[in-house]
Structure formats: structure tokens, C-alpha cells
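Please look over the model shown here. This report covers the ligand site, one strand residue and two loop residues.

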Amino acid sequence: MKRVITYGTFDLIHYGHINLLERARRLGDYLIVGLSTNEFNAIKNKKCYFSYEERKRLLEAIRYVDLVIPEEAWEQKASDIKLYQIDTFVIGDDWEGKFDELKSLCEVVYLNRTPEVSTTKIKSELKIF
Ligand code: C2G
């Protein structure tokens, strides 16, 4: 079984996230999502509309997602890859090159973002904080 992992905040989930999760899942047989906790989002300087539990509930309802785990720190990826026996780490190409150090542990794949949609754009167009 080929195991894939990705990480993110996934707030106000939209089809850009779905495009990423679908392609990530198709790279293997099992997809784990490291979901940024509220505390880690504060470190990422990201203000979330939905709480961790609400975002987790939404992700778990997506057919491409097999397991959701908390992402609490930048540095946890290497230990997650070992713990969950990950074959492929996937993330959007807005992170291109940023996680190349993981190549010593697993395949690293940067996928194209869906350019026209973002949580920030949704918030600004709906005039939410
Ligand atoms: N994404 C995408 N297209 C968009 C928006 C997001 O492909 N229009 C992808 C991002 O590239 C990322 C994932 O969806 O791979 C989740 O996006 P965010 O929730 O913005 O995640 P981010 O804040 O980039 O967190 O340790 C890694 C970080 O936790 C990543």
C-alpha cells in the first residue's frame, strides 16, 4: 500500500483544496492529512474561520482523505513520515523547494495550485475579517 501525506490549514475548504487532495490521493492508496491546529495557525499567522475540530470534520467527509492528524509544528514532518511509513509527501507548489530535505525520507511532490481560488480571496470578497 502506497501511503501519501500532505499538510495544511484547509480553512473554508474550497475546490482548490479538493483538487490538491484528489491528486495527492491518486499518487497512492492512502492519504493522511496533517491539519494545522489552531495553535499552529497562530504560529503560521493564519486566522481561521473554522476551529480545528470543524476543519477536521470537513476533511474527514472528503472521499480522498483516509486519516486526519494534527499538525502542531513545522518540524514534525520527518517523524510523521517515519511513524506512518509514508512513501510520498505532497504539497502545493506555493511551497516549491521548501521541503526538499524530506527527499532523504520519501518522494517529495509539489503539485500546481488552483490559481483562481483561495481562502483569502473568499474572505475578502465576502468581507470577512
Ligand atoms: N491549495 C491549492 N490551491 C489553492 C489553495 C490551496 O492547491 N487555490 C493547496 C496548498 O498548496 C496546500 C493545500 O492546498 O498544499 C492547503 O492549503 P492551505 O490550507 O493554505 O495550507 P498552508 O497554509 O499552505 O499550510 O506545513 C505545511 C503547511 O501547514 C501548509
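Is Val108 buried or exposed? Val108 counts as buried, because its relative accessibility is 14% (buried means under 20% relative accessible area, exposed over 50%, partly exposed in between, with a 1.4 Å probe and protein chains only). Val108 belongs to strand S5, residues 107-111. Helices (H or I, at least four residues) and strands (E, at least two) are DSSP runs, numbered from the N terminus. Ile5 is 103 residues away from Val108 along the chain, yet their C-alpha atoms are 9.9 Å apart.

The model is predicted: local features need pLDDT of at least 70, side-chain atom pairs count only at pLDDT 80 or more, and totals for chains, interfaces and linings use all residues. Residues are numbered from 1 along each chain as its sequence is written, and side-chain values use heavy atoms, with hydrogens and water left out.

**Ligand site**

The ligand has 21 residues around it; a residue is near if one of its heavy atoms lies within 4 Å. Lys46, Glu71, Asp94, Thr114 and Val117 come nearest. The shell splits into 7 nonpolar, 8 polar and 6 charged residues. Here Ala, Val, Leu, Ile, Met, Phe, Trp, Tyr, Cys and Pro count as nonpolar, Asp, Glu, Lys and Arg as charged, and the others, Gly among them, as polar. Strand S1 (3-8), helix H1 (15-25) and strand S4 (88-92) each give at least two shell residues. H1 has the largest share, with 3 residues.

The table lists polar contacts to oxygen atoms of the ligand, a polar contact being a pair of N or O atoms within 3.5 Å.

| Residue | Part of residue | Distance to a ligand oxygen |
|---|---|---|
| Gly92 | polar backbone atom | 2.9 Å |
| Asp94 | N or O atom in the side chain | 2.7 Å |
| Trp95 | polar side-chain atom | 2.8 Å |

On its own the ligand has 630 Å² of accessible area, and the protein covers 96% of that (Shrake-Rupley method, 1.4 Å probe).

**Loop residues with positive phi**

Most residues other than glycine have a negative phi. Asn45 has a positive phi of about 60 degrees, although it is not a glycine. Asn45 sits in the loop between helix H2 (38-43) and helix H3 (52-60). Asn45 counts as exposed because its relative accessibility is 71%.

Gln85 also has a positive phi, near 55 degrees. Its loop runs between helix H4 (77-83) and S4. With a relative accessible area of 61%, Gln85 is exposed.

Notes
A polar contact is a pair of N or O atoms within 3.5 Å; within protein, one must be able to donate a hydrogen and the other to accept it, and residues adjacent in sequence count only if both atoms are side-chain atoms.
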